Amino acid sequence: MPFIPHTEQDVKDMLAAMGAASIDQLFDEIPASLRVKDLPPIPSQLTEMELSRLMRERAAKDVNTLNFIGAGAYEHHIPAAVWDVTSRGEFLTAYTPYQAEASQGTLQLLYEYQTMMASLMSLDVSNASLYDGGSSLAEAVLMAARTHRKNKTHRILMPATVHPLYRQVVKTIVSQQDIEIVEIPYDPATGKTSIAVLEKMTKENLTALVIPQPNFFGVLEDVDALTHWAHAQNALVIGVVNPLAMALLKPPGQWGKNGADIACGEGQPLGVPLASGGPYYGFLCCKQEHVRQLPGRIVGRTVDQSGKQGFVLTLQAREQHIRRAKATSNICTNQGLLVTASTIHMSLLGPTGLRKTALVCHQNLCALREKLSKLDGVRPLFSSHLFHEIVVELKQPVESVLTELAKNKIQAGFNLKKYYPELGNALLICVTETKTPEDLDLFVSQLHDVLRGLAHV
Amino acid sequence: MMNSVPKTLKYSKTHEWVRQDDDVITVGITDHAQCMLGDLVYVELPDVEMSLELGQECAVVESVKAAADIYCPVPGEIVEVNESLFDNPQLVNEDPYGKGWLFRIRPFESDFHELLTADEYTRQVASEAH
């Protein structure tokens, strides 16, 4: 068969067979009001030289800004060695090894990654990664449903403090599977999930409680009490966590008396650049007893006939190439290259380096909170412990403040209005280890000026 | 080498064997089935008190190279599962008609006419080989 899909004659024959006069006629189904009549003109092709010049001109428009936006994607220092090593041909060009065991280097790296993630989460096992944080949470919910197979339908308690985009992804992926996602409102004073609110929920067919740590507001949830409550209802606990924060805070495997059952989240803070929002990767870890419900690839270490160490893909009966219809997931490609970067990043920093990074993020946030508290027109919204983000209420419209500060090359934070309109003029500000005391002073003084300026308009 | 097919047992087309003792029947997989699967690494069994219909998927046996569903050969209620398989799934390979049994059912009816005799099952295995 030729690779050219259809000749003009083919198109004519097919239209004739359908009794259609033209290809355009096939789109008559779509109401005219919904159709875009004029696509912006697409220019003809450029030469490499012309294209390089165009891109250089566009790149020159980028300005270095001081970034205080977090909200799920975090700016961290990445040692130069990380992407230098990751960009080696052996890593960069390798697609999923279909003859996996022939690629011992790739498998060993994934094995090291799994070991690091499992220890960071204080859980028994990790898979070789998933697409992103949102899909890892969706897979965690599906795992919980399979584990509680005795429940006819499944109710998943999902705090409103979980990343709003993750909640959308979860809804999209699980909504056809007799899984009901029940949103848990947060306490407006503390910005976190309270046991009192959970107690009011129907406890029938309760399959899992999702616990974000830190939550979308940067607030630390009462993970021990929440875990204890969920386990007392015979529900599983899914921790959706910032992996860097886990170097400093109590990891999911140690929450409550028995630990969270599953941990998932976005791996980006570990060596993956912001890069306009992706590609990133998701991680997924669990207790040993749930390993057969864990989707995606898992690399194991073994010995060959002569006792030499080797790495293999293991527990493959969970995967779609063994039992397609009964696979734990059919959307679980791992993000090998980003995991490579993360693994190198974690090995360079080590547990101490990761902990120090997390600590400096937190100390910087505390310093900023202190400075902000002295500003007129700025009020922290929640009285809770924080990691490296804070929600503040501004006296002036958030949009105007953001626009004015952007003019001064400061990205001041994430506007919460779209997802949390009830909070009013609320701004989510993030500080990582990349900010100096001078950066914080500049930010606060600029914010002060902008607020004063807007007050006088 | 021929796989063993004890004359005292009944068989399903899907390679389960069935043995009746008083009012309870015991179910396992045949020597032929374990041989085709290879070394078992995991067995997933139904919950006790679960009611099963004829042909319902009720267990999974997993080897290093494949996973296979077990279909209920006789409608009834699960009264016991072989918990020793959780730690030692290879019992199915070593002793498929003995220590490697999977679960016990209290059947809803006494008539098992759907099942094959040892000779019929042997002929079926032989025909599948061609």
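Here is a short walk through two chains, from the domains of one to the strands of the other and then to the place where they touch. Keep in mind throughout that this is a predicted model.

Let us start inside chain A. The domain assignment splits chain A into domain 1, made of residues 66-74 + 350-455, and domain 2, residues 81-345. Notice that domain 1 is written as two segments. Between the C-alpha centres of domain 1 and domain 2 of chain A there is a distance of 28 Å.

How do these two domains of chain A meet? On the domain 1 side, 30 residues are in contact with 31 residues of domain 2 of chain A. Together, domain 1 and domain 2 of chain A bury about 2400 Å², and carbon and sulfur atoms account for 65% of that area. The rule finds 0 salt bridges across this interface of domain 1 and domain 2 of chain A, while 9 residue pairs are in polar contact, counting pairs with both residues at pLDDT 80 or more. If you want to find the domain 1 side of chain A in the structure, look for α10 (336-373) and β12 (389-394), the elements that each give two or more residues to it. The largest share, 7 residues, comes from α10(A). Sorted by class, this side of domain 1 of chain A holds 19 nonpolar, 8 polar and 3 charged residues.

Now turn to chain B and follow its strand β8, residues 76-81. Strand β8 of chain B pairs with β5 (residues 51-52) in the antiparallel sense, over 2 bridges. Within that pairing, E77(B) of β8(B) stands opposite S51(B). β8(B) also pairs in the antiparallel sense with strand β9 (residues 103-107) of chain B, here over 5 bridges. One place to look is V81(B), whose bridge partner in β9(B) is F103(B).

Finally, bring the two chains together. Chain A gives 7 residues to the contact and chain B gives 13. Chain A and chain B bury about 800 Å² between them, with 40% of it on carbon and sulfur atoms. In chain A, the residues that lose the most area to chain B are R149(A), R292(A) and R323(A), which together make up 57% of what that side buries.

Across the interface of chain A and chain B, the rule finds 3 salt bridges. In one of them, R149(A) is joined to E44(B), with the closest N and O atoms 3.6 Å apart. By class, the chain A side that touches chain B has 2 nonpolar, no polar and 5 charged residues.

Methods
Residues numbered from 1 in each chain as written. Chains lettered and ligands numbered in written order. Predicted model: local features only at pLDDT ≥ 70, side-chain atom pairs only at ≥ 80, totals over all residues. Heavy atoms only, no water. Domains from an automatic or database assignment. Contact = heavy atoms within 4.5 Å. Buried area = accessible area lost by both parts, 1.4 Å probe. Salt bridge = Lys/Arg side-chain N within 4 Å of Asp/Glu carboxyl O. Polar contact = N/O pair within 3.5 Å; in protein donor to acceptor, adjacent residues only side chain to side chain. Helix = DSSP H or I, 4+ residues; strand = E, 2+ residues; numbered from the N terminus. Nonpolar A, V, L, I, M, F, W, Y, C, P; charged D, E, K, R; others polar. Pairing = 2+ DSSP bridges.
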